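Let's walk through this one as a quick round of questions and answers. Here is what we'll be looking at.

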Amino acid sequence: MKESLNSLWNLFQERKLSRRTFMKSCVALTAILGLPPALTNKVVAAAETKELPTVIWLHGHECTGCDESFIRSTSPFASDVILNMIALEYDDTLAAAAGEPFEHHLHHLLESKKGKYVLAVEGGVPLDENGSYCQVGGRPFVDVLKECAEGAAFIIEYGSCAAWGGIQAAKPNPTNTVSVSSIVKGKKIIKVPGCPPIPEVMTGVIMHYALFGEIPPLDVEGRPKQFYGNRIHDTCYRRPFFDSGLFVEHFDDDASKAGWCLYKVGCRGPETYNSCGNLRWWNGLSYPIQSGHGCIGCSEKGFWDNDNFYQRLPHIHTPNTITDVDTLGTVAGFGAFGAVVAHGGITLAKHKYDSIQEEKKYLAEQEAKQKEAEQKGSDQ
Ligand code: SF4
Ligand code: F3S
């Protein structure tokens, strides 16, 4: 374990990484922090001179899915910064060390880094039976949490369980699990909800503090604005279909294959705040909506008590639905909705819809030919 900490630039040098790689990382970091490219120089200067913080990462009542998502991120910068460059001094799930010496190490950190360490917490906090439903190092997690929170510079509630209570808190909440901020008071707390959250958000929050010495701007719920400032619906690539009234009615219909809007099959995008549409997972490869399933609102409070994930949201104003291909052609031809984006969506939808119809026609013809040939064979 490191005793003396370094700047990001020093760590790059220690690892014999080039100045060019460092500069490229700073450009990526500027984007993750939600800063304009003009501020890259400021990020470079801070990365050269500011010391990286110590991070203590606790695990409470949870499935460790947030860790799993994080370590499987193919974005080398996100995972590398937290796991290898920032001094992740204690993480009882990821560490090779275990047992009493590791717990002694935690106590040493709590004293030696008092007021300076970042406390990341994954998982909810069960309170019933004196917190005994979740024990860490033979102690109730709630006690470990309170002890570690005491000297933290700030706390990150990483994932929906830490931020809101999560699946464990689903009705009837048999262990009386609550969020971290229900227990810890008088501390700066940042919520990074999601089930799991996007790994780059964790990197962005910690690096913002590392480089600028303060936590990023938060919204009213305590979430970093640069990552939770927009609804999924606002950045969704299927939005032109929504605006054009083109909806999937069933997961096996042609509209689903054509990639239309998932609102009618339960998508929570219109009321969910997150960056999935911009950042996505696995180096920007995909996210739920891109994989054909509506957003279930996994970063929103209480999403786990939703009775039916496939029921459309009430109270959302939608344009008239178009499902008939002839109407679609007329609208696409004359631009009846006026809006360019809607027209683009309809044209694209019609194109995809036509391709599916042509494919179906072709397959039906092939099947008919096959049957005819079989019939002839049996007649002879
Ligand atoms: Fe995208 Fe869902 Fe909004 Fe449709 S309802 S545009 S699928 S976020
Ligand atoms: Fe969760 Fe919705 Fe994103 S389900 S992963 S917030 S698209």
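**Ligands, sheet and odd backbone spots**

Q: Which residues are around ligand 1?
A: This is a predicted model, so everything here is read off computed coordinates. Going along the chain, the residues around ligand 1 are His 233, Cys 236, Arg 238, Arg 239, Phe 242, Cys 261, Leu 262, Tyr 263, Cys 267, Gly 269, Pro 270 and Ile 289.

Q: How many charged residues does the shell around ligand 1 have?
A: The list for ligand 1 includes Arg 238 and Arg 239, and arginine counts as charged. Sorted by class, that shell has eight nonpolar and two polar residues, and the number of charged ones is two.

Q: Is the space taken by ligand 1 a cavity or a pocket, and what about ligand 2?
A: The space of ligand 1 is the largest cavity. For ligand 2, the space taken is the largest pocket. In short, ligand 1 goes with a cavity and ligand 2 with a pocket.

Q: How many charged residues are in the shell around ligand 2?
A: Around ligand 2 you'll find Ile 232, Thr 272, Asn 274, Cys 276, Trp 281, Tyr 287, Pro 288, Cys 295, Ile 296, Gly 297, Cys 298 and Ser 299. By class, eight are nonpolar and four polar, and the charged count is no residues.

Q: Which strands are at the edges of the open sheet of five strands?
A: The strand order is E2-E1-E3-E7-E9, with parallel pairing. An edge strand pairs on one side only, and that holds for E2 (87-91) and E9 (189-192).

Q: Which residue in E2 stands opposite Val 55?
A: Strand E1 covers residues 54-59 and runs parallel to E2, with four bridges joining them. Across from Val 55 in E2 stands Leu 88.

Q: Which helix lies across E1 and E2?
A: Look for a helix spanning residues 100-112 that runs at about 130 degrees to E2. That's helix H6.

Q: Where is Pro 172, which has a cis peptide bond before it?
A: The bond from Lys 171 to Pro 172 is cis, with omega near 5 degrees. Pro 172 lies in the loop between helix H8 (160-164) and strand E8 (177-178).

Q: Which residue does a cis peptide bond join to Pro 196?
A: Pro 196 is in the loop between E9 and helix H9 (199-212). With omega about 5 degrees, its cis partner is Cys 195.

Q: What is phi of Lys 16?
A: Lys 16 lies in the loop between helix H1 (8-14) and helix H2 (19-32). Its phi is positive although the residue is not glycine, with a value near 60 degrees.

How values were computed: Residues are numbered from 1 along each chain as its sequence is written. Chains are lettered from A and ligands numbered from 1 in the order in which they are written. This is a predicted model: local features need pLDDT of at least 70, side-chain atom pairs count only at pLDDT 80 or more; totals for chains, interfaces and linings use all residues. Side-chain values use heavy atoms; hydrogens and water are left out. Two strands pair if DSSP finds at least two bridges between them. Helices (H or I, at least four residues) and strands (E, at least two) are DSSP runs, numbered from the N terminus. Contact means heavy atoms within 4.5 Å. Axes are lines fitted to C-alpha atoms, for helices over the stretch in contact, and angles run from 0 to 180 degrees between N-to-C directions. A residue is near a molecule or strand if one of its heavy atoms lies within 4 Å of it. On a 1 Å grid over the protein atoms alone, a cavity is a set of points where a 1.4 Å probe fits but cannot get out, and a pocket is an open set with protein on both sides within 12 Å along at least five of seven lines; lining residues have an atom within 4 Å of a point. A molecule sits in a cavity or pocket if more than half of its atoms lie within 2 Å of its grid points.
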